[in-house]
Structures are given as structure tokens and as C-alpha cells.
Amino acid sequence: MNAALYRPGDSPVHRLAPQVKIVAAVVAVLCVVATPREAYWAFGAYLLAIGAVWAVARTPVGWYAPRVLIELPFVLLAFVLPFTGTGERVDVLGVSVSVSGALAGWNILAKGTLGVLVSLTLAATTAPQDLLAGLGRLRMPAVLVTIATLMLRYAEVVVAEAKRMRVARISRGDDPRFLWQAGATARGVGALFIRSYDRGERVHLAMVSRGWSSVPSPEVSRPVRTGPALVVERLAFAYPDGHQALFGVDLRVERGERVAVLGPNGAGKTTFALHLNGVLGGGSGRIEIAGLPVERANLKEIRRRVGVVFQDPDDQLFLPTVRQDVAFGPTNFGVSGPELAARVEAALAAVGMTEAADRSPLHLSGGQRRRVALATVLACDPEILVLDEPSANLEPVARRELAEVLLGLDTTMLMITHDLPYAAQLCPRSVLVDGGVVVADGPTREILGDAELLARHRLELPYGFRLD
């Protein structure tokens, strides 16, 4: 949202500290609101002052013009009030208008327009991440800054989704400017709402998986680690709509193992992964992470021990800068100060993204976002790393770079994938899941070499790929 309103520049107004601009904008709006509606000269002075700021900021009036349309409903109300108001009436060009209604309309029009112009000026000269930093420096409660941050990021994602949908419609002959396309436009808005809601659900899952709760809790002593890294026994789960996704999964993973969880679409792989740190629950069976049961009383520690990297990095990256995104998880687990800074730096260095620390995730390539998403989990110092389709939508170079990063990590790893060559490259052991149960478990090359087994479960190696 603000990314579309921000107009990059190097003027004195752009360079001004964001907290100063925020305070100035708030004071300006308060002055406008407090000004009596009969003080016409004051509103003219305010408009001249805003114009002077635009001149110093080198932002043309034409840039603001289409963005002021946001106040159109209030403009319409202002023009209706003179005709619908009560009390004394006068004739203007042969039309009877209410004096009090005209003054009320003027009050809404003048103050509303000036307030919008002040807000647009602040947005045009201050980058989104600087606005949020300014709010923090003004000591606004951290929870409110977090809410504002998430709202901004979510708005950007929804706008990007709407643009993609519009391009897809136009490519198939639709043009929303024509009246006969109104039905398609309305259906598109409905689809955007559903997709936005779905995106919000996935972002929430990513937040919860990194320890988010209403209030960050202090860091607690870690329970003693015993037994294998992961034990799953008879895990079964059905979604609220009645769809049974898991029918009794059994799995044991030793510390330091790298295991690929293979299977066709709809096999239950992602549902299984979300159970490992308690994001999903309520089914039957037992899960232990290094001897600690996955249950409500242990969820905070479980989510620190098990880091989940989601398939779509945009679900996992929702803060204005890479550094803030990487710090999100450790902060939820009570890490702060120098230790937090050290964790962030170490995680970014591990994935080769140190130089992108202060950039927006929106401005990174797909491969870079994937590596930053991995860093957000590594910063939590997990004992088990769960990767959901890590190679999805990556170009060959980014795919290779990510593989090199993963091979360099010394941690227990579960890779949920149907990318069989990637599994062969990264994981010595594979587990084949289909129909919500484990149907094969063994060395990756043996499983991938069994063409009949793969065919029975709708898997096959790419044309020309050889295991030798």
C-alpha cells in the first residue's frame, strides 16, 4: 500500500527523520481539525504550506491528484449536505440551499482534503520501513507497531495478488473498463477476497510456527534432550470438514539425519509437517521431539526445536526488512540485545544474505527470498529443520545455491518434496508417504531406483535423470 504511495527521492523532506515527519503530520492534522470552519484564510494558509513542502520535496501536484480520489465518498457527502440540511435557507443561482448544511459540507471538504493531503505527503516522502521505525522511536507500544507492520505487509501482498489476477484476466480477453465485464469484475473481487483470506491464514501459520503469541515470553531454560531427534507413532488426523489426511504415520529419525519425505500431491506430507511443531493438532497418536512430547504445555519449546520453512516464502516474510523478519522468531522466544543481533547476523551469513539485511523482502528474487525464509528459521536455533518443497519455482542457479546452503548445515533435516532429484542430492534416506501412511522407508537411491514402487504412487524421475 505505502509502497505504491512512496515516491523515492533525495530531498531535504525525504532525508528528515521519520519520527519528526510523523509528529509534524499529526500536529498539522490536529491544527486543521481545530480550526473554526469560518476561518477561510487559515485553510488557504494550510494549503500554501503543503504546497511549499511539495516544492521542497520535488513532488509534482500531478502525482498527488489521482491519489486524492480516496476521499471521493466524503466529497460527495459534502456536496449533498447543502441540499439536505435543515434550518435557514438561501437561494444560490436559483437553488435553495441550507446555510448550516453548506457550512457543514465546507467543513468536511476543507478539513478532509487537507488531512488527506498531509497523509499523502508523509507517505510520499517516507519509505514504509522508515515510517515503522519512526513509530518505534516515538515509543509507540511494540504490539501496535507489530500490528501496523503486518497490516502494511498484508496490504502489499493483496495488491500484488490483485495485479496478478488483473493481468491474467486481460490476457484472456477481459477488460474491466467495459460495462459488460462487470460480472467478471465482481467475481474477481470475490476470488481476491477468498485468496487474501487464504494468504492470511498461511501467514498466521508461519507466525505461530516461529513462536508468535499475543505477548513475547521470556527465554526459559531448555529441557534436557534425550532419545532420537523425532519419534512419530500412529499419527492420524482429520480436518474439520471431515477429510482424513493422515491414517497412522510411524517414523523415527535420529539426530543429524537428513530425510526426504516423498509423495504425490495430496498424500498428507504438509499436514504431517505441520504436526511436528504443534501448528496442527487434535488428532490421535504421539510425537516426541528429542524426548519432549508435542503437547500444549510444551508448544513454546517445541516450536523453538522444530523450525518449519514454508513452501511459499511470501507466507514467511511479512516485515518491512530482512533483518526484522529474521529477528521475529528469536524475539518471540525471549532473545534480545546483543544475542539477538548475533543470531540474526549468523543466520544471514549462513545463507549468504548478509548484504540484504536492510532491504525489503519484496525487492528480492525468488531464490533470495527462499534463502531469507530459511534464515528466519535458522535464527531460532532449531534442532530439526523441516523444509516444505524447498526447490519449488526456483531457477536452476537458485536451486543449486540453496542446495549448497542446506548441505552446509549441521542439523537434523526433513525435506517434504516431490522433487526426486533434489531428494537424491540432499537426503541419504527417504520416506514415501501416500494416502496418509508411510508406504516405504529406506535409502533414497533404493527407493528412487524402484520404478514400480514410484509408479504405484504417481511419482517418476525426470526424463534423462540417472541415479548413477
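Reader: In what order do the six strands of the open sheet with mixed pairing stand?

Author: This is a predicted model. Six strands make up this open sheet, and their pairing is mixed. The order is 8-9-10-5-11-12.

Reader: Which strands of that sheet are the edge strands?

Author: An edge strand here pairs on one side only. That holds for the strand at 306-309 and for the strand at 437-443. They are strand 8 and strand 12.

Reader: What does the twist average from one strand to the next in this sheet?

Author: The sheet in question has the order 8-9-10-5-11-12. From one strand to the next, its twist averages 20°.

Reader: Do strand 8 and strand 9 run parallel or antiparallel, and how many bridges join them?

Author: Strand 9 covers residues 384-388. One facing pair is valine 309 and leucine 387 of strand 9. The two strands run parallel, and the bridges joining them number four.

Reader: Which helix lies across strand 8 and strand 9?

Author: Look for a helix running at about 165° to strand 8. Its residues are 366-378. The answer is helix 16.

Reader: Which helix gives the most to the largest nonpolar core?

Author: The largest nonpolar core has 48 residues. Among those with the most contacts inside it are Leu262, Val326 and Leu374. One helix contributes six residues to this core. That top contributor is helix 16.

Reader: Which residues of the list Val309, Leu374, Leu406 and Met413 does leucine 385 touch?

Author: Leu385 is one of the residues with the most contacts inside the largest core. Residues up to four places away in sequence are not counted here. Leucine 385 touches Val309, Leu374, Leu406 and Met413, and its list also includes Gly307 and Thr411.

Reader: How many residues are in the second, separate core?

Author: This second core stands separate from the largest one. Its members include Leu235, Phe272, Leu280 and Ile302. Its residue count is 32.

Reader: Which strands stand at the edges of the sheet ordered 4-3-6-7?

Author: Four strands form this open sheet, and the pairing is antiparallel. Two of them have a single partner strand each, so one side of each is left without a neighbour in the sheet. These are strand 4 (244-253) and strand 7 (292-293).

Reader: How many bridges join strand 3 to strand 4?

Author: Strand 3 spans residues 230-238 and runs antiparallel to strand 4. Leucine 230 stands opposite valine 253 in strand 4. The bridges between the two strands number seven.

Reader: Which residue in the hairpin of strand 1 and strand 2 takes a positive phi?

Author: Strand 1 (89-92) and strand 2 (95-98) run antiparallel, joined by four bridges. Aspartate 91 has serine 96 as its bridge partner in strand 2. The hairpin has two residues between the strands. The one with a positive phi, near 55°, is leucine 93.

Reader: What are the helix and strand percentages over residues 90-109?

Author: The unreviewed UniProt entry places "transmembrane region" at 16-33, 40-57, 63-83 and 90-109. Over residues 16-33, the chain is 89% helix and 0% strand, with end C-alpha atoms 25 Å apart. Over residues 90-109, the end C-alpha atoms are 20 Å apart. There the chain is 55% helix and 35% strand.

Reader: Is arginine 58 buried or exposed?

Author: Arginine 58 is found in the loop between helix 4 (40-57) and helix 5 (61-64). Its phi is near 60°, a positive value in a residue other than glycine. Exposed means over 50% relative accessible area. Arginine 58 has 53% relative accessibility, so it counts as exposed.

Reader: What is the relative accessible area of arginine 458?

Author: Arginine 458 lies in the segment after helix 20 (451-456). It has a positive phi of about 55°, although it is not a glycine. Arginine 458 is exposed, with a relative accessible area of 74%.

Reader: How many disulfides does the structure hold?

Author: A disulfide is a covalent bond between the sulfur atoms of two cysteines. Cysteine 380 is buried at 4% relative accessible area, and cysteine 427 is buried at 2%. The number of disulfides in the structure is zero.

Reader: How many helices and strands does the chain have?

Author: The chain has 468 residues, and buried residues make up 46% of them. Its secondary structure comes to 20 helices and 12 strands.

Definitions and conventions
Residues numbered from 1 in each chain as written. Predicted model: local features only at pLDDT ≥ 70, side-chain atom pairs only at ≥ 80, totals over all residues. Heavy atoms only, no water. Buried < 20%, exposed > 50% of the residue type's maximum accessible area, 1.4 Å probe, protein only. Disulfide = S-S within 2.5 Å. UniProt positions renumbered as here; feature names shortened; annotations may be inferred. Core = buried A, V, L, I, M, F, W, Y, C linked by side-chain atoms within 4.5 Å. Contact = heavy atoms within 4.5 Å. Pairing = 2+ DSSP bridges. Axes fitted to C-alpha atoms, helices over the stretch in contact; angles between N-to-C directions.
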